[in-house]
Amino acid sequence: MEQSVVGAFWTKLKRVNTFCATLSGVVLLFMAVSITVDVFMRYVLGSPTIWITEVSTYLFLYVIYLATAYALQQGAHIKVTFFLSLFGKRTQRVIDLVTSILAAAFTVVLLWQTSEMTWSAYKGNWTSPTMLNAPYAYIHGIMVVGSFLLLLSFVCSIILQFRGEETEPAGSA
């Protein structure tokens, strides 16, 4: 059976999401190592760094927003499923579809608000009020990228769910 245009796009999007999740893991590893180094420097050498805490805080946004679309494609987002077994397969499918549409609507608002915030930070040259003076546009920008990937993933998932095609791995939550 030939794959639909949406199915082909979903396959490519899953590769992008997987790359972003891998990058998220690398960022998390960097954060863990740098925080460990900072703890060692602070409590053993008595000379803490001035940048690790701030940078780790900002990088945590990258970890979260780079991985959300991947979590969706893996079926790892939180779902309340204990009452779904009371319904038949068709009703379960309708409930999944409706909740996906509602989540996509939330993601649209999230994308809109993070885009406005990032644009304001870019136009106003907002920077952190610390010695690092980090530009907020780069810090907030990942929220736009992550929200956009999440929205694309929701739209593909909704279309494929509507057509009755599988979008999540078997056995996912």
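Let me begin with a definition: a residue is called buried under 20% relative accessible area, exposed over 50%, and partly exposed in between. The structure I am presenting is a predicted model.

Consider first isoleucine 35, which belongs to helix α1, residues 5–43. Its relative accessible area is 39%, so isoleucine 35 is classed as partly exposed. Isoleucine 35 also contributes to a nonpolar surface patch of about 630 Å². The other contributors to that patch are Val39, Phe40, Tyr43, Val44 and Leu45.

I turn now to helix α3, residues 89–123. How does the span of its 35 residues agree with 1.5 Å a residue? The expected value is 51 Å, and the end C-alpha atoms lie 50 Å apart, so the two agree. Several residues of α3 are buried, among them Gln92, Leu97, Ser100, Ala104 and Thr107. Leu111, Thr114, Thr118 and Ala121 of α3 are buried as well. Part of the cover over these buried residues comes from α4, residues 136–163. Just beyond α3, asparagine 125 adopts a positive phi of about 50°.

Finally, the cysteines. How many disulfides does a search of the whole structure find? The search returns 0. Cysteine 20 takes part in no disulfide, and the nearest cysteine sulfur, belonging to cysteine 156, is 14 Å away. A disulfide would require the two sulfur atoms to be within 2.5 Å. Cysteine 156 is likewise in no disulfide, its nearest cysteine sulfur being that of cysteine 20. As for accessibility, cysteine 20 has a relative value of 9% and therefore counts as buried. Cysteine 156, at 5%, also counts as buried.

Terms used: Residues numbered from 1 in each chain as written. Predicted model: local features only at pLDDT ≥ 70, side-chain atom pairs only at ≥ 80, totals over all residues. Heavy atoms only, no water. Patch = residues over 30% accessible without salt bridge, like charges linked within 9 Å, V, L, I, M, F, W, Y side chains within 5 Å. Areas by Shrake-Rupley, 256 points an atom, 1.4 Å probe, with all protein chains shown as cover. Salt bridge = Lys/Arg side-chain N within 4 Å of Asp/Glu carboxyl O. Helix = DSSP H or I, 4+ residues; strand = E, 2+ residues; numbered from the N terminus. Buried < 20%, exposed > 50% of the residue type's maximum accessible area, 1.4 Å probe, protein only. Expected span 1.5 Å × (residues − 1). Contact = heavy atoms within 4.5 Å.
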